[in-house]
Amino acid sequence: MKVSIQLTAWFKKYSKDKNEIIVELEATTAEVGVGVGVGANTDAVAKKGVTALDAIIAAGIPENEVGIITKDGYKISDDSLLKDGDKIKIFTTILGG
Amino acid sequence: MIYEDYIKVLYVDLSTGKIKIEQRKDLVEYLGGVGVASILLEENLKPELDALDETQPIVFAIGALSTIFPVITKTVAMFKSPLTGELGESYAGGRLALAIMLAGYDAIVITGKAKKPSYISLSKLDIEIKDARALWGISSDDVGRIIREREPGEGKRSIIRIGPAGENLVKYASVCVDTYRHFGRLGLGAVFGSKNLKAMSVIGDRDLPIKDFKSYFKIYQEIYKKVTDTEIMSKYHDSGTPINIEPLNAAGGLPTRNLQTGSFEFSENISGETFAEKNLVRKMACTGCPVGCIHIGQFRREFDKGYEYEAISVGYDYELIFALGSFLGVKSSDEILKLIEIVENKGVDAMSVGVALGWATEAFAKELITEEHTIIPLEFGNTENYIRAIEFIASRKNDFYTALGDGAYKASQIYGGQDFAMTFGKNEMPGYHTGYGSVVGFAVSARHSHLCNGGYSIDQSMKEFDKEKLVKGLFDEEKERCLLNSLIICLFSRKVYDRKTILEAFASIGKNYTNEDLDAIAERVYKTKIRIKRACGFQQMDVKFPNRVFETPSMNGLLDETTAYELMGMFHNKVEEMMSEK
């Protein structure tokens with residue numbers, strides 16, 4: 001799936017001055033099991049979706065520099081799941097004394 | 001004092017002209033900065049008297065590590081605030097801390113009232129109270145220029161001064177420090193005015209050799225590297241604090257049009273990027289800071305017909321852009337710089353005056369006040385009228401502007417609209433509507449400011465809302481900053497100055513503290529501040545939140561009134577617990 005990350009001014013140093021970075025990501029699979037460790041019974045296999053944070057890391061942007069993420073103009077958390085074609089916008093952390 | 005076992009205090013009595021210098025060993029356990037200043041304030045304060053009574057003290061103090069380590073650049077001023085009637089505490093950078101240190105003092109206590117307008121001229125060997133009658137009534141910029149021309153000490157001095165608003169006792173009048181920095185908040189300028197004190201020039205003409213240079217330079221370099229290598233510090237230098245406009249606006253935490261909303265449709269026009277591209281002409285640093293976060297912007301003004309223009313330069317920061325920009329619906333960087341210029345010349349706190357005008361604009365729209373009061377219509381986005389309104393406030397033009405010069409809290413008591421007078425503990429709000437951390441943080445902090453406990457930062461980092469964690473976060477930060485403000489670091493670098501670094505810095509100048517010592521100092525200082533507040537009659541649970549904060553969604557959604565009061569109560573209990581411990 002492809003996700004677009006719209007960049008505010010600060011992050012353009014990670015995109016050679018472009019306004020966006022498009023990243024291509026694969027959803028990974030994760031086993032959801034009963035018990036822990038080797039030999040535990042596996043009940044189901046679930047797809048682990050791609051989160052906003054996955055996309056940011058994949059784009060090569062240091063996650064600690066990202067304070068606010070929005071999608072369609074609304075603030076979302078970094079563990080929000082994304083789908084193919086989503087556009088997110090990232091902002092710096094809030095500074096101050 | 002560095003390398004000494006005492007704190008050197010200079011007392012100036014403006015009524016009698018008498019000077020006294022004391023070496024106070026008993027103050028060492030308060031470290032310096034806000035620790036020493038709060039004890040000196042407590043000793044000299046007349047809590048039962050008005051903040052502008054001539055007997056009230058102004059205390060300046062530099063920190064225990066002032067200016068010999070990177071980013072330790074600030075001076076604290078403490079006084080009884082005419083705006084809130086309780087603890088007044090304000091910080092400024094510039095060259096003042098270095099000048100006071102090299103003049104040979106840790107703290108200065110000014111009491112009394114000069115018989116005529118005066119200014120203090122201070123150096124290592126000389127203290128004079130000079131005639132300032134010719135300076136009375138003129139702008140803070142011009143006073144700075146005239147004193148620069150008349151007084152010696154070029155390159156080693158700091159000049160602090162008030163404008164007409166301070167002389168006219170506007171209760172949020174500021175004191176300008178070296179043109180681009182200020183003791184902005186809580187009305188120190190009015191306290192200067194009440195003492196007939198127009199300015200103070202401090203010349204740092206002493207030398208202070210470092211004793212164990214090797215140890216000192218090792219830790220100095222480590223701190224310097226940390227400061228200049230971090231991404232946060234690079235942001236402060238590149239865009240400066242105005243970089244906040246974008247994230248706060250996107251998240252709905254940018255107070256706009258008297259907090260009727262949390263985002264501004266013209267935010268791009270006033271973003272840090274726009275200021276940098278359109279107006280930025282220079283970056284500067286306080287003495288002792290390798291970062292250089294002071295951003296100077298320029299705008300062009302036509303002063304006569306026939307294409308006669310002048311270029312005006314003023315400093316800009318996030319808080320000014322919020323208070324004079326989004327909060328007033330002002331939608332261009334040039335207009336904001338124009339408003340900053342009038343704020344500078346008249347000598348008022350940009351945040352308080354912007355927030356007070358936000359209330360007045362809404363009160364005008366709701367017809368609680370009319371043009372009979374305001375003389376000119378006050379409308380969001382009408383910069384020219386706001387400029388005139390700031391002039392009216394500074395000159396106390398009529399009863400209405402006198403009330404507005406007493407603060408939004410006072411004005412709304414007289415004219416109504418307290419639900420949308422955006423004050424906390426009578427102090428006008430800072431530019432963060434980020435959640436319970438900011439709102440409750442303003443209400444409980446010692447000076448009702450975001451700078452005491454950084455509540456906005458907790459709102460930003462807290463993944464899931466947890467009442468206990470939030471209150472503990474605010475309380476711990478409030479206490480830790482009592483330590484940091486005793487050093488006095490610039491709070492922008494607070495993550496660099498962790499406990500390990502602080503202990504190593506002290507050790508390199510021969511002062512061996514333990515972590516427990518620092519804990520005890522932080523608590524001792526916080527308790528002193530609370531005692532001062534209480535002596536002035538402050539009651540935490542009497543603080544009322546303006547209803548608007550519960551109507552306009554914050555960065556973290558709509559806030560609930562009952563929860564906010566509950567959190568304030570929880571914080572209050574922690575303070576009670578601390579105060580009851582011996």
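**Exercises on chain B**

In this predicted model, 68% of the contacts in chain B between residues at least 6 apart in sequence join residues at least 24 apart. The exercises below look at the chain as a whole and then at one of its helices.

**Exercise 1.** Work out how many helices and strands chain B has, and why chain B counts as being as compact as a globular protein of its length.

*Solution.* Begin with the elements, which in chain B are 23 helices and 17 strands. Next, take the radius of gyration of chain B, which is 22 Å, and set it beside the 25 Å that the globule rule gives for 582 residues; the two values are close, so the chain is as compact as a globular protein of that length. Finally, for the outer dimensions, the C-alpha atoms of chain B fill a box of roughly 65 × 60 × 50 Å along the principal axes.

**Exercise 2.** Find what percentage of the residues of chain B count as buried, and what share of the exposed area carbon and sulfur atoms supply.

*Solution.* Of the 582 residues of chain B, 62% count as buried, where the cut-off is under 20% relative accessible area. Turning to the surface, chain B exposes about 21,100 Å², and 47% of this area is supplied by carbon and sulfur atoms.

**Exercise 3.** Decide whether helix α17 of chain B is mostly covered or uncovered, and name elements that cover its buried residues.

*Solution.* Helix α17 of chain B spans residues 436-444, and nine of its nine residues are buried, which makes the helix mostly covered. Among these buried residues are B:Y436, B:G437, B:F442 and B:V444. The cover over the buried residues of α17(B) includes β16 (423-424), α18 (455-461) and α19 (467-487), together with α22 (548-551) and α23 (561-580), of chain B.

Notes. Residues are numbered from 1 along each chain as its sequence is written. Chains are lettered from A and ligands numbered from 1 in the order in which they are written. This is a predicted model: local features need pLDDT of at least 70, side-chain atom pairs count only at pLDDT 80 or more; totals for chains, interfaces and linings use all residues. Side-chain values use heavy atoms; hydrogens and water are left out. Helices (H or I, at least four residues) and strands (E, at least two) are DSSP runs, numbered from the N terminus. The radius of gyration is taken over C-alpha atoms; the globule rule is 2.2 Å times the number of residues to the power 0.38. Buried means under 20% relative accessible area, exposed over 50%, partly exposed in between (1.4 Å probe, protein chains only). Contact means heavy atoms within 4.5 Å. Accessible areas come from the Shrake-Rupley method with a 1.4 Å probe; for residues, only the protein chains shown count as cover.
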